[in-house]
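A visitor and a guide go through a structure that neither will describe from memory. Each question is put plainly and each reply works toward its answer.

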Amino acid sequence: MRTLKSSFKIKGVGLMSGVEFEVEIKPSDSKGIYFTKGDKKIKAEPANVVSADHCVVVANVKEGANFKVALIEHFMAACAVAGLDGVEMAFENLPVDMVETPILDGSSKVWVEKFNEAGFEGEPDETPKLKAPVNFQKGRSAVIIMPSEDETKITYAVNFNHPELNNRWIEMNQDVNLNEIVEARTFGYLKDLETFQKMGLSKGVTIENTVGMTDDGGFTTELRSKYEPNKHKILDIIGDLYLTGVNPLKMNANIIVKEAGHALHIEAAKLLNNCF
C-alpha cells in the first residue's frame, strides 16, 4: 500500500456551494481512500455514490447517509496519478451534512503537487488483471473498457456546441500527455452559469478555476493546452473509475468513452468491480 509520508492542510471554496472548506490530508494505515468528519467516515467506492448529476457525491450510505462529500473526482484522479491507494481527507467538524472538496484551481494539479511535497511511503499494491471487457451504453453515450497487454490508453470523445469541441476525440497515454490531463480545469457553457447559480449550483466558479465556453466559439480564459476541456473529461473518468479501488492508469486497458459524464462513468465503475 502507498500512502503519504506526512499530513498537510489546505483551504479552498467548493465549486458548487461557494463555501470555504479546510481539509487535512492524512496518511492511512488501511487501504482505501476515505473522507471523514468527526466520527463519520465514507469509503470512496461505487456503492457509496449517491449522486452523479453535476459532480460525484459520496455518502456514508450504511449509516443513513448523514454525511456527504461532493465533487470528489479531482481528488480521486490526483490519488490515481500519484499512485496513492491509502489516504484520508478529514474535514473540519462543521455543523453541516454536506461538505465539498476544495476546487482549488479546477484541476488535479494542486493536489498532485501537495502530495509530492508531503512525500510517499510504501508501494502501491499490485494491480489486478482485468478479466473481462465492460460495455455500458445509454443513447449516444458509451463507456467501453477492454483488457490490453499494453499500458492504459484512454480515448475520449466530446460533442459540444463549440467549434473546438464538436465531435472531438482526444487520446491519452501516460507517457505522452498525462501532465496536460492533470492540469486540465473544469469547464462549462458561460451562458448556463447564471441559471446554475439560481439553482444553488456553481457558486464557487471563478475565471481561475473554470474554463467558460462562450457563444462566439471562444473561451473565458487562456487554455493551458489545446482542447483542455476534453482533457478534463479524461481526468474525470480517471477519478471516477478509481472508485473501484483499482487504479485505471495501471490496469492495462483500452478505455474508450463517447459523450459521457459522471453518471455513465459510475455505472461503468460498478460493472468494472466484477471484472477483476
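The turns below take up the overall build, the cores, the pockets, the cavity and a few single residues.

Visitor: How many helices and strands are there in the protein?
Guide: One thing to say early is that this is a predicted model. Its C-alpha trace spans about 50 × 45 × 35 Å along the principal axes. The protein has 6 helices and 18 strands.

Visitor: Why is the protein said to be as compact as a globular protein of its length?
Guide: For 276 residues the globule rule gives 19 Å. The radius of gyration of the protein is close to that value, so the protein is as compact as a globular protein of that length. The radius of gyration is 18 Å.

Visitor: What share of the contacts between residues at least 6 apart in sequence join residues at least 24 apart?
Guide: Buried residues make up 51% of the 276 residues. As for the contacts between residues at least 6 apart in sequence, the share that joins residues at least 24 apart is 72%.

Visitor: Which helix gives the most to the largest nonpolar core?
Guide: The largest nonpolar core has 72 residues, and those with the most contacts inside it include F35, F75 and I145. One helix, covering residues 73-82, gives 7 residues to this core. That helix is α1.

Visitor: Is α1 enclosed or open to the outside, going by how many of its residues are buried?
Guide: Buried means under 20% relative accessible area. The buried residues of α1 include E73, H74, F75 and C79. In total 9 of its 10 residues are buried, so α1 is largely enclosed by the rest of the structure.

Visitor: Which residue just after α1 takes a positive phi?
Guide: Most residues other than glycine have a negative phi. The residue just after α1 has a phi of about 75°, and this residue is G83.

Visitor: What does I25 touch, leaving out residues up to four places away in sequence?
Guide: I25 is one of the residues with the most contacts inside the largest nonpolar core, as are W111 and F115. Both W111 and F115 are also among the residues that I25 itself touches. The full set is L4, S6, S7, F8, F75, V87, E88, M89, W111 and F115.

Visitor: What is the volume of the largest pocket?
Guide: The largest pocket is lined by 40 residues, and the closest to its centre are H54, T186, F187, G188 and F196. Elements that give two or more residues to this lining include α1, β16 and α4. By class the lining has 20 nonpolar, 14 polar and 6 charged residues. The volume is about 920 Å³.

Visitor: Which element gives the largest share of the lining of the second largest pocket?
Guide: The second largest pocket holds about 310 Å³ of space, and of its 19 lining residues M16, V57, A70, M98 and E100 lie nearest its centre. The elements that give two or more residues to the lining are β6, β8 and β10. The largest share is 3 residues, and the element that gives it is β10.

Visitor: How many charged residues are in the lining of the largest cavity?
Guide: There is 1 cavity of 30 Å³ or more, and the largest cavity has about 30 Å³ of space. Its lining is made up of L71, H74, F75, T101, P102, I103, S107 and W111. By class, 5 of these are nonpolar and 3 polar, and the number of charged residues is none.

Visitor: Is L71 buried or exposed?
Guide: L71 sits in the loop between β8 and α1. Its phi is positive, about 55°, although L71 is not a glycine. With a relative accessible area of 3%, L71 is buried.

Visitor: Where is N252 found?
Guide: N252 also has a positive phi, near 55°, and is a residue other than glycine. At a relative accessible area of 22%, N252 is partly exposed. N252 is found in the loop between α5 and β18.

Visitor: Is K231 buried or exposed?
Guide: K231 is found in helix α5. Leaving aside residues up to four places away in sequence, K231 touches I170, N177, E180, I181, A184, S225 and K226. Its relative accessibility is 6%, so K231 counts as buried.

Notes. Residues numbered from 1 in each chain as written. Predicted model: local features only at pLDDT ≥ 70, side-chain atom pairs only at ≥ 80, totals over all residues. Heavy atoms only, no water. Core = buried A, V, L, I, M, F, W, Y, C linked by side-chain atoms within 4.5 Å. Buried < 20%, exposed > 50% of the residue type's maximum accessible area, 1.4 Å probe, protein only. Helix = DSSP H or I, 4+ residues; strand = E, 2+ residues; numbered from the N terminus. Contact = heavy atoms within 4.5 Å. 1 Å grid on protein atoms, 1.4 Å probe; cavity = no way out; pocket = protein on both sides within 12 Å on 5 of 7 lines; lining within 4 Å. Points joined across faces, edges and corners; volume = space filled by probe spheres on them. Nonpolar A, V, L, I, M, F, W, Y, C, P; charged D, E, K, R; others polar. Rg over C-alpha atoms; globule rule 2.2 N^0.38 Å.
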